[in-house]
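Got the viewer open? Let's take a walk through this one, one selection at a time.

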Amino acid sequence: MRTAYSVETVRAAERELMARLPEGALMQRAAAGLAAACADVLGRVYGSRVVLLVGSGDNGGDALYAGARLARRGAGVRAVLLTPGRAHAGGLAALRRAGGSVVSDAGGAVELVEQADLVVDGIVGIGGKGGLRENGVPLAEAARRGRGVVVAVDLPSGVDADTGEVRGAAVRADVTVTFGAYKPGLLIDPAREYAGVVRFVGIGLETVGARAPEVEALQHADVARLLPVPAAESDKYRRGVVGVAAGSARYPGAAVLAVGGALRGGAGAVRYVGPAGGAVLARYPETLVSERGPARAGRVQAWVVGPGAGDDAATVGEVLAADVPVLIDADGLRLAEVGAVRGRGLRGVPTLMTPHAGEAAALLGVEREEVESGRLAAVRELAARYEAAVLLKGSTTVVAEAGGGGAVRVNPTGTPWLATAGSGDVLSGLGGSLLAAGLSAVDAGSVAAYLHGLAGRFAAEGAPVAAEDVAGRIVEAWRSVVGARG
């Protein structure tokens with residue numbers, strides 16, 4: 001499990017560690033790791049041109065000490081001080097002793113950045129809020145259009161470490177070297193897009209692991225432990241039966257895709273209820289089709305409701321009245337009454353909602369841009385308002401537990417090619433099947449997103465895909481995860 005911690009938590013762990021170390025030792029550890037990463041990026045340090053963008057905080061000190069190490073290896077290192085009177089004195093002295101120099105001309109600094117082989121962003125630390133200040137913007141723009149690799153110290157300057165929000169101009173890094181613990185902004189868009197490749201450097205913050213993370217991301221081994229595995233005595237009912245109430249005369253394909261995802265999700269059987277039974281059977285003859293409505297369809301351990309449902313509020317209400325886990329997607333989100341969903345949560349009956357940003361915005365009564373720019377806040381607010389687990393789809397898919405507390409799960413898999421019609425229907429069926437197999441709402445959502453993202457990668461291989469292609473690669477994704485378990 002990859003975990004990310006709030007700035008307050010990281011700062012507390014740093015204070016505890018610094019109290020046990022000689023003065024300046026922690027910064028030297030960080031600078032050593034930063035210098036090593038920069039050397040790896042450069043390949044050949046001797047003769048390279050390195051420009052340090054130095055602010056007033058510890059990140060600026062890290063950059064200066066790392067620059068001194070590079071200068072001692074023969075790099076030409078120049079530091080641009082954005083707040084000259086507040087630059088880290090010890091780091092500045094170390095750089096000068098090593099042969100580095102300071103640039104005072106703002107216009108010349110932009111040209112140096114554009115021509116550098118490596119630009120080190122040490123402008124703002126993890127406590128920074130809002131975008132870059134005015135004097136930092138031309139340097140960030142120069143770094144972006146320049147020829148050199150941009151390496152950010154701990155976090156790209158101008159992004160919010162705690163939320164992943166970007167409220168103004170920010171540095172776009174090719175590599176971010178982060179120290180001691182991951183920060184939520186490194187894992188969540190839009191900030192994640194600015195971080196580039198994230199390289200972790202341990203500096204001894206072991207105590208941070210004893211604290212509660214803000215964000216966590218499953219890895220192969222975590223998913224492998226959660227996947228349902230049938231026992232020798234299992235039959236289709238013991239493995240779980242998932243009901244799918246989806247599709248309409250206008251959107252029969254949504255039902256087919258949701259069933260396709262469900263059949264590959266580990267449950268023993270899939271029951272389909274709705275007007276697209278003929279289309280479902282033509283594609284998946286193993287489906288158990290009923291025309292009698294959810295309440296009389298037969299035994300299920302979980303329901304999926306909403307994909308392609310149109311305005312069928314009666315079916316959505318009937319499914320929400322069931323005392324089994326329910327996944328609500330697409331039209332079902334619009335048709336589900338807040339009180340009905342919240343009542344399920346207060347009764348302890350699991351519910352998983354799976355909106356995309358536009359649907360989440362409609363449910364919250366805000367603009368879509370607000371959801372996309374503040375994904376953590378949006379998913380927590382929805383989970384609290386509905387007392388349901390929420391999987392917010394998007395460039396970074398995030399999953400919050402009912403009530404909005406605890407760590408938010410961030411999905412690390414996927415590809416932009418998954419942004420295609422019907423892909424969400426496949427995800428819904430897969431998640432519902434995992435619910436029927438016995439996973440909790442948060443685990444079902446997280447595992448479904450992980451497998452769905454892997455399947456999307458396998459199906460795309462750098463080219464466009466259709467939703468059915470993604471469904472067809474879920475089993476391959478499952479095998480790849482189980483194979484990692486050994």
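Start by selecting Asp 121 and Ala 152: Ala 152, in β6, is the bridge partner of Asp 121. Keep in mind as you click around that this is a predicted model.

Now widen the selection to the two strands. β5 covers residues 118-122 and pairs with β6 in the parallel sense, over four bridges. To see how the chain gets from one to the other, add helix α6, residues 137-145: β5, α6 and β6 make a right-handed β-α-β unit.

Stay on β6 for a moment and switch on a surface. Is this strand buried or exposed? Four of its five residues are buried (under 20% relative accessible area), so β6 is largely enclosed by the rest of the structure.

Next, look at the neighbour on the other pairing. Strand β7, residues 175-179, runs parallel to β6 (residues 149-153), and three bridges join them. Pick Val 153 and you'll find Val 177 of β7 standing opposite.

Time to zoom out and show the whole sheet. Seven strands make up an open, parallel sheet, in the order β4-β3-β2-β5-β6-β7-β8. Select β4 (101-103) and β8 (197-201) to find the edges: each has a single partner strand, so one side of each is left without a neighbour in the sheet. Look along the sheet for the twist, too: neighbouring strands are turned by 25° against each other on average, direction ignored.

Last stop: select residues 10-211, which an unreviewed UniProt entry annotates as "domain: YjeF N-terminal". That span is 37% helix and 17% strand, and its end C-alpha atoms lie 10 Å apart.

Definitions and conventions:
Residues numbered from 1 in each chain as written. Predicted model: local features only at pLDDT ≥ 70, side-chain atom pairs only at ≥ 80, totals over all residues. Heavy atoms only, no water. Pairing = 2+ DSSP bridges. Axes fitted to C-alpha atoms, helices over the stretch in contact; angles between N-to-C directions. UniProt positions renumbered as here; feature names shortened; annotations may be inferred. Buried < 20%, exposed > 50% of the residue type's maximum accessible area, 1.4 Å probe, protein only. Right-handed = clockwise from strand over helix to strand, strands pointing away.
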